[in-house]
Amino acid sequence: MHKIIHLVHFNNRKFKTTFVIVSLFLFYGSIVSAQTRNDLLQYVNPIIGTQKMGHTFPGATVPFGSVQLSPDTDTIPYELDGKYNPSVYRYCAGYQYDDPTIVGFSHTHFSGTGHSDLGDFLIMPTVGKLKLNPGTADHPENGYRSRFSHITEIAEPNYYKVKLEDNNILAELTTTTRVGMHQYTFPKSDQAHIILDLMHGIYNYEAKNVWTYVRIINDSLITGYRQTNGWAKTRTVYFAMSFSKPFKSYGAKDYSKKEVYKGFWGKFDRTKNFPDLAAKQLRMYFDFATAEGEKIKIKFAISPVSTTNALQNMQDEIPAWDFDLVKKQGQQLWNNELNKISVTMNSREDMINFYTAMYHAFINPTVYMDVNHEYRGLDQNIHKADFTNYTTFSLWDTHRALHPLFNIIQPKRNDDMVKSILAHYDQSALHMLPVWSNSANDNWCMSGYHSVSVIVDAIIKGVFTGDANKALDACIATATHRSFEGIGDYMDKGYIPSEKNGTSVSTTLEYAYDDWCIAQLAKKLGRLDDYNKYIKRSGNWKNVFDPSIGFMRPRLSDGTFRKNFDVLETDGQGFIEGNAWNYSLYVPHDPVALIKLMGGDKKFIPHLDSLFTMNLPDEFFAHTEDITREGIIGNYVHGNEPSHHVVYLYNWTSQPWKTQKTVRMILKKQYHNGADGLGGNDDCGQMSAWYMLSSLGFYPIAPSSDQYAIGSPSVDHAVLRLENGKEFTIDVKKQSAQNVYVSSIILNGKKLNRLYITHDEIMQGGLLIFNMSSVPAKN
């Protein structure tokens with residue numbers, strides 16, 4: 001029997017609320033349910049992941065929206081004394097929960113990444129003496145930034161609110177897909193200002209802004225664009241900015257370094273009320289007189305194509321000035337998405353974890369085209385799509401669980417995402433699929449060619465509606481691009497030599513998995529020559545396995561293994577963001593062969609046991625910024641993606657119940673409701689997708705297979721509402737924190753005598769029953 005406190009929230013759904021109705025009642029079984037539609041925003045807390053390593057942002061966005069309107073809490077530069085500044089890593093999303101000040105509100109942010117860009121078009125309201133410098137966290141009074149308190153901060157899906165204490169201004173933010181809407185409540189002042197900082201950026205450095213242009217159309221509308229050279233080298237964003245109240249005056253300051261050539265623009269005073277501005281480093285201000293409690297609203301639209309398109313985006317998406325209506329409509333979009341999966345769980349904390357994970361999973365990839373379907377391609381030309389074009393593909397991360405999740409619950413979107421990936425290939429001068437796609441650029445971050453996994457998984461599961469043979473051709477072209485990251489040596493030798501590549505082992509392993517994906521598609525299409533070639537290449541992982549030590553190990557061009565080698569160290573050992581202990585288990589496409597090579601059950605099971613129980617001292621990951629203590633259990637690194645499938649490997653041994661026990665342990669240890677509730681970077685939704693799928697009781701350890709490995713569900717009940725109109729229901733009997741073991745599984749009335757379910761079994765709808773126990777079913 002349990003007691004429950006029901007919180008009924010008025011005016012907002014954030015947990016800091018002044019109105020609480022408490023009702024106590026007694027009941028048996030599970031205590032929190034989301035079976036009723038349209039009640040799920042209360043379980044989303046965007047603050048989760050904003051502290052330490054999560055790198056999420058708290059601001060406003062709609063599902064997969066182009067605009068992520070959110071506060072930035074400092075101006076830490078990428079460069080310090082001519083070198084990389086490690087402190088900038090904390091600001092991948094622009095916001096850190098522990099910071100005491102807000103610099104302003106910018107319109108574009110990545111969610112959960114371990115590198116960054118964006119932070120475009122920062123806006124900040126102020127009163128009093130005009131200050132165009134942002135100031136510092138220690139002395140915000142010297143600039144336009146402001147102190148703030150989490151007590152007045154409210155974060156909900158598509159709504160953010162905070163009191164800017166230094167200026168006594170209430171800031172509120174909401175969005176549509178391509179437009180950010182601001183609402184600022186001012187005190188009485190004849191010196192009210194709105195700052196537009198066109199220099200600001202995330203992972204900023206002095207030369208990042210290539211060029212900025214601003215045109216003042218009238219006393220309430222401005223347009224322009226900004227070109228930047230950051231993670232995306234050739235990125236151009238156009239904008240249109242409209243005020244609800246005419247400004248009485250405006251001005252600008254050019255912070256660019258002295259240039260040799262200036263033309264003849266010096267004939268004008270371009271600092272005040274000048275309507276045609278262009279510079280590399282530019283800040284603007286707009287002056288107002290405000291009454292007490294007066295609201296000034298801003299609509300800020302962006303476009304990858306033109307200012308004309310930005311204006312059209314604004315007119316189509318927010319034609320009026322009703323802030324509350326825009327907020328409501330965006331939140332309804334979120335409710336619609338969240339209601340695609342209804343769950344009942346044992347506690348409110350678990351419900352918040354689940355629906356916040358779902359919220360984070362549905363932020364990226366982001367729409368990258370205007371309302372007229374135009375977008376800028378990799379060739380820098382303007383294209384028009386007959387599908388929704390997306391960007392922000394963090395594929396090294398998201399191929400593992402996020403895109404497989406989309407194939408179940410967002411198949412139409414994932415179809416368009418695959419079409420976007422293939423359009424990227426068509427426009428690429430290198431004729432390669434994207435590695436990490438952002439804003440008509442490939443930033444080439446991380447390793448492998450995991451677009452292949454996303455494409456093939458969508459085709460194998462019947463999601464992709466395009467030309468599968470053309471897709472396979474693109475996969476093969478990418479996998480045979482000899483000049484890219486060791487592919488030539490990989491093709492010739494079957495591995496990448498250690499002396500030629502710093503991540504030779506992990507890249508070899510990732511190529512082998514991607515090649516297996518290609519083989520699966522070739523087999524499906526009847527292209528047997530291609531199948532034979534790539535199924536053979538998929539065995540190349542064996543070429544970097546050293547049987548004398550039982551680990552994957554760097555191998556030299558002459559075929560010998562590197563002598564100086566540490567299986568615990570995460571830096572300089574041939575692995576990207578990981579060590580040999582974790583990466584030696586990265587053969588997701590052939591766990592049977594891996595276990596056999598590592599000595600069978602007798603040796604493999606204790607090896608895997610020890611991964612979760614041994615201690616990895618800090619010294620072994622001190623130089624790897626993507627790995628921290630919070631994301632580690634024993635030597636298992638959940639806070640980074642390469643090990644996300646590892647816990648499910650017990651299913652290929654004689655002790656599959658250890659998968660069940662360990663999955664539940666990870667769910668509890670790596671996810672909670674605090675601001676630091678994520679053990680590592682959310683990485684565009686991958687960490688969140690792992691949580692969702694594992695909570696439902698299954699996980700795709702090898703995307704491009706149609707199988708999902710069985711784990712241990714933490715839900716009591718779940719209903720997946722599929723786009724084909726069917727429902728797949730998961731019912732968990734005798735669920736509890738102690739009953740983590742699966743004693744039997746019933747699928748549509750028949751006992752399931754295997755440790756996986758198939759994609760078709762899910763998509764056909766039906767009922768999956770887990771019977772749980774406190775003791776493992778060892779038979």
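**Close-up views of a sheet and two cavities**

**View 1. Three strands of this predicted model form an open sheet.** The 3 strands lie in the order β34-β35-β40, and their pairing is antiparallel. At the edges of the sheet are β34 (698-699) and β40 (756-758), each of which pairs on one side only.

**View 2. Strand β35 is shown with its partner β40.** Strand β35 comprises residues 707-710, and 3 bridges join this strand to β40 in the antiparallel sense. Within this pairing, Q707 stands opposite T758 of β40.

**View 3. The largest cavity encloses about 250 Å³ of space.** The whole structure contains 6 cavities of 30 Å³ or more. The largest cavity is lined by 23 residues, and the closest to its centre are S66, R235, I302, Y368 and S439. Two or more lining residues come from each of the elements β18 (235-243), β22 (294-303) and β24 (366-367). Strand β18 provides the largest share of this lining, 3 residues. Sorted by class, the lining holds 12 polar, 8 nonpolar and 3 charged residues.

**View 4. The second largest cavity has a volume of about 110 Å³.** Its lining consists of 17 residues, of which N389, Y390, S420, H424 and S437 are the closest to the centre. The elements β25 (374-376), β27 (390-391) and α6 (411-427) each give two or more residues to the lining of this cavity. Helix α6 gives the most, with 5 residues. By class, the lining of the second largest cavity has 9 nonpolar, 7 polar and 1 charged residues.

How values were computed
Residues numbered from 1 in each chain as written. Predicted model: local features only at pLDDT ≥ 70, side-chain atom pairs only at ≥ 80, totals over all residues. Heavy atoms only, no water. Pairing = 2+ DSSP bridges. Helix = DSSP H or I, 4+ residues; strand = E, 2+ residues; numbered from the N terminus. 1 Å grid on protein atoms, 1.4 Å probe; cavity = no way out; pocket = protein on both sides within 12 Å on 5 of 7 lines; lining within 4 Å. Points joined across faces, edges and corners; volume = space filled by probe spheres on them. Nonpolar A, V, L, I, M, F, W, Y, C, P; charged D, E, K, R; others polar.
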